[in-house]
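I am opening a notebook on a structure that is new to me, and I want to write down what I look up as I go. The entries should help another newcomer follow along.

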Amino acid sequence: MEKAKEFLELNEEESESVSRLTIHPHRVGVESSFYEDFALRGIRVDRVEPGFVSCTFKVPPRLADRNGNLANGAIANLVDDVGASVVHVEGLPMKVSVDMSISFVSTAKVNDELEITARVLGQNGGYCGTTVLIKNKATGEIIAEGRHSLFGKQASKM
C-alpha cells in the first residue's frame, strides 16, 4: 500500500502545476467545458460516413504520463468519445457507455500524430457496438484497439 501511495504522490512541480489550474463553472452552449478543453481539444475530424468516423490527433503534453507517453486513461477516453461519436444521432441524447475493452498494443509519445478510426459493429434497438483503432499516423503502428458498447434512446420510426 505504501508503494502505491508513493507512486501516486505528486512531486513539487506537479503539485504547483495542479494548484495553478483555474476551473470556472461551465456555461452549457456558450463555451467549452474543462473536460472538452482539456481532454478533447486537438481532435480533428477527417471523414464521416454512415457507421464510420476517422480523426487525427496530435498527442499533447497535458495528456502524457511521467515517461512522455500518451496516458492509458487518455487512450480510454479517445476510445470512449470517438466510439460514441460514430453512433450519435443528432437530436437525441448521447448514448452511455455500457462496456469497453481496450488492448494497449504500443505507446505514443508527445507530438506523435495519431489516426483514430471508429466503426459500428452492430446495432440492436438502443444497444450499439463499435470498434476503435488508434494508430501512429507516421509509422502505421497500432497503439491501441478498443471495443465499445453503448446504450441509449433510439430514433423513432414514425
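The entries below go from the sheet to its hairpins, then to one residue, and last to the empty spaces.

**Entry 1: the sheet.** I note at the outset that this is a predicted model. I looked up how the strands are arranged, and I found an open sheet of 6 strands in the order 1-2-4-5-6-3, with antiparallel pairing. Strand 1 and strand 3 (96–104) stand at the edges, and because each has a single partner strand, one side of each is left without a neighbour in the sheet. Direction ignored, neighbouring strands of this sheet are turned against each other by 15 degrees on average. As a reminder to myself, strands of a sheet pair through backbone hydrogen bonds, in either a parallel or an antiparallel way.

**Entry 2: from strand 4 to strand 5.** I followed the pairing of strand 4 with strand 5, which is antiparallel and runs over 10 bridges. Asn124 has Tyr127 in strand 5 as its bridge partner. The two strands form a hairpin with 2 residues between them, and in the turn Gly125 has a positive phi of about 65 degrees. I also asked myself how many residues of strand 5 are buried. For strand 5 (residues 127–136) the count is 7 of its 10 residues, and the strand is thus listed as mostly covered.

**Entry 3: strand 6 and its two partners.** Going on along the chain, I found strand 5 paired with strand 6 (residues 142–151) in the antiparallel sense over 9 bridges. Here Lys135 has Ile142 in strand 6 as its bridge partner. This hairpin has 5 residues between the strands, and Gly140 takes a positive phi near 80 degrees in it. Strand 6 is also joined to strand 3 by 8 bridges, and these two strands run antiparallel. One bridge partner I noted for this pair is Ala144 in strand 6, which faces Phe104.

**Entry 4: a look at Thr117.** I picked out Thr117, which is found in strand 4 (residues 113–124). Is Thr117 buried or exposed? Its relative accessibility is 12%, and because buried means under 20%, Thr117 counts as buried. Leaving out residues up to four places away in sequence, I listed its contacts as Phe52, Val53, Ser54, Thr131, Val132 and Leu133. Ser54 is 63 residues apart from Thr117 along the chain, yet their C-alpha atoms are separated by 4.4 Å.

**Entry 5: the second largest pocket.** I then turned to the empty spaces, and I looked up the second largest pocket, which has a volume of about 260 Å³. Its lining consists of 12 residues, and those nearest its centre are Leu40, Ile43, Asp81, Val82 and Ser85. Helix 3 (34–40), strand 1 (44–49), strand 2 (52–58) and helix 4 (72–85) are the elements that give two or more residues to this lining. Helix 4 supplies the largest share, 3 residues. By kind, the lining divides into 9 nonpolar, 2 polar and 1 charged.

**Entry 6: the cavity.** Last, I asked how many cavities of 30 Å³ or more there are. The count is 1 cavity, and the largest cavity has a volume of about 30 Å³. I wrote down its lining as Val87, His88, Val89, Leu92, Pro93, Lys95 and Lys153. These residues divide into 4 nonpolar, 1 polar and 2 charged.

Notes:
Residues are numbered from 1 along each chain as its sequence is written. This is a predicted model: local features need pLDDT of at least 70, side-chain atom pairs count only at pLDDT 80 or more; totals for chains, interfaces and linings use all residues. Side-chain values use heavy atoms; hydrogens and water are left out. Helices (H or I, at least four residues) and strands (E, at least two) are DSSP runs, numbered from the N terminus. Buried means under 20% relative accessible area, exposed over 50%, partly exposed in between (1.4 Å probe, protein chains only). Contact means heavy atoms within 4.5 Å. On a 1 Å grid over the protein atoms alone, a cavity is a set of points where a 1.4 Å probe fits but cannot get out, and a pocket is an open set with protein on both sides within 12 Å along at least five of seven lines; lining residues have an atom within 4 Å of a point. Grid points are joined across faces, edges and corners, and a volume is the space filled by probe spheres set on the points. Ala, Val, Leu, Ile, Met, Phe, Trp, Tyr, Cys and Pro count as nonpolar, Asp, Glu, Lys and Arg as charged, and the others, Gly among them, as polar. Two strands pair if DSSP finds at least two bridges between them. Axes are lines fitted to C-alpha atoms, for helices over the stretch in contact, and angles run from 0 to 180 degrees between N-to-C directions.
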